[in-house]
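Trainee: Could we go through this one together? I would like to learn how the labels are earned.
Mentor: Happy to, let's take a look.
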Amino acid sequence: MNSAPSLAPRRHRRRSTVVTAALTLPLLAVTACGTTTGTGTPGGTNPSTPPTAGTGTSGGTSGARDPSGTTAPEATAAPTTSTADGTTTHVRAGVYFLHGEKVSPAPRTVTAPTTATAAVQALLAGPDRSERAHGRATAIPSGTRLRSLVVRNHVATVDLSGRYDDGGGSLSMRERLAQVVFTVTRFPTVHKVAFEVDGKPVTSFGAEGLVLNGPVGRSDFEDRAPAVLVESPLIGDTARTPLRVWGSADTFESQFRLRVTDTTGRTAADVVVRATSGTGTRGTFDVTFPYKAARTGPGLLTAYVLSPKDGQLVTVDTVPLNVNR
């Protein structure tokens, strides 16, 4: 299998930062600043874990990583604040579908303590009607079943049924692997994923023979992540001002823009954001900024860059929201 494609990890940098956003409100010519709060995650850990503190309605608190490196209960892996309902704890998770050919998270409510297991099961069920209407799709073959998921020493071993590696070329194989990896590593107790199919460890995946030399993480699928990956808010969330947006980015000189448009199509905010790193190295960002919507209703969060070649606007990704005035 020497000629088979392999997963070459790229270096990621994680560190605490303060992100400043210059805000322009249409017609008012008002400039304001938004800053991030909370601490970054240690190097080599999950880049999507939200800071442990923050402002804004779209953020949340994360479960703490297990400093011992030993197995942690899945209940501690909640990526957002959970609420109790009698003896059942519901946790808001994110599952990663595809928008175009890049991963894009969507919200799901799962039940503790089997949160990672429930998230993968929700992923396998595919996007709902509304998500499909907004261009979300999946490369995972219909009928794929989760046989088991075990987390040990920050590695999740995910055993899927044989349907998982059926059909598709190398791009489809990378997409379906990335979907699982991003979904499971959203939980802060999971750093990497080891794959099994029908109980057997996977070293060569699919007919294309994609080589898996041990557990893989997000950096192994950098090509499947958009240049700006918005981790929160998620598709269909309700936005309120000030709006908190966090995620990761790899853009020229680490700079990009976030624009909020309201239900009338008017720009409610347009901010400049700088991630912790860029130009070949993915960094993190976490920014809170106000917006001014003309009317409450369906809106859109757009991440975009200005081309360094000609200054043209290039849309990186879009997240449909319910924007409150």
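Mentor: Let's start with a definition: a residue is buried when its relative accessible area is under 20%. Keep in mind that this is a predicted model.

Trainee: Why is Asp250 called buried?
Mentor: Asp250 has a relative accessible area of 14%. The cut-off is under 20%, so Asp250 counts as buried.

Trainee: Where does Asp250 sit?
Mentor: Asp250 lies in the loop between β15 and β16 (255-261).

Trainee: What makes the link from Asp250 to Gly280 a polar contact?
Mentor: The Asp250 side chain comes to 2.8 Å from the backbone nitrogen of Gly280. A polar contact needs N or O atoms within 3.5 Å, one able to donate a hydrogen and the other to accept it, so this pair qualifies.

Trainee: How do you know that β13 and β15 pair?
Mentor: Four bridges join β13 to β15 (residues 243-249), in the antiparallel sense. Pairing takes at least two bridges, so these strands pair. Across from Ser232 you find Trp246 of β15.

Trainee: Why are β13 and β18 called edge strands?
Mentor: The open sheet has three strands in the order β13-β15-β18, paired antiparallel. β13 (228-232) and β18 (283-289) each pair on one side only. On average, neighbouring strands here are turned by 30 degrees against each other, ignoring direction.

Trainee: What makes β7 and β8 a pair?
Mentor: β7 (residues 146-152) and β8 (residues 155-160) run antiparallel and share six bridges. At least two are needed, so they pair. Leu149, for instance, has Val158 in β8 as its bridge partner. Two residues separate the strands of this hairpin, where Asn153 has a positive phi near 55 degrees.

Terms used:
Residues are numbered from 1 along each chain as its sequence is written. This is a predicted model: local features need pLDDT of at least 70, side-chain atom pairs count only at pLDDT 80 or more; totals for chains, interfaces and linings use all residues. Side-chain values use heavy atoms; hydrogens and water are left out. Axes are lines fitted to C-alpha atoms, for helices over the stretch in contact, and angles run from 0 to 180 degrees between N-to-C directions. Buried means under 20% relative accessible area, exposed over 50%, partly exposed in between (1.4 Å probe, protein chains only).
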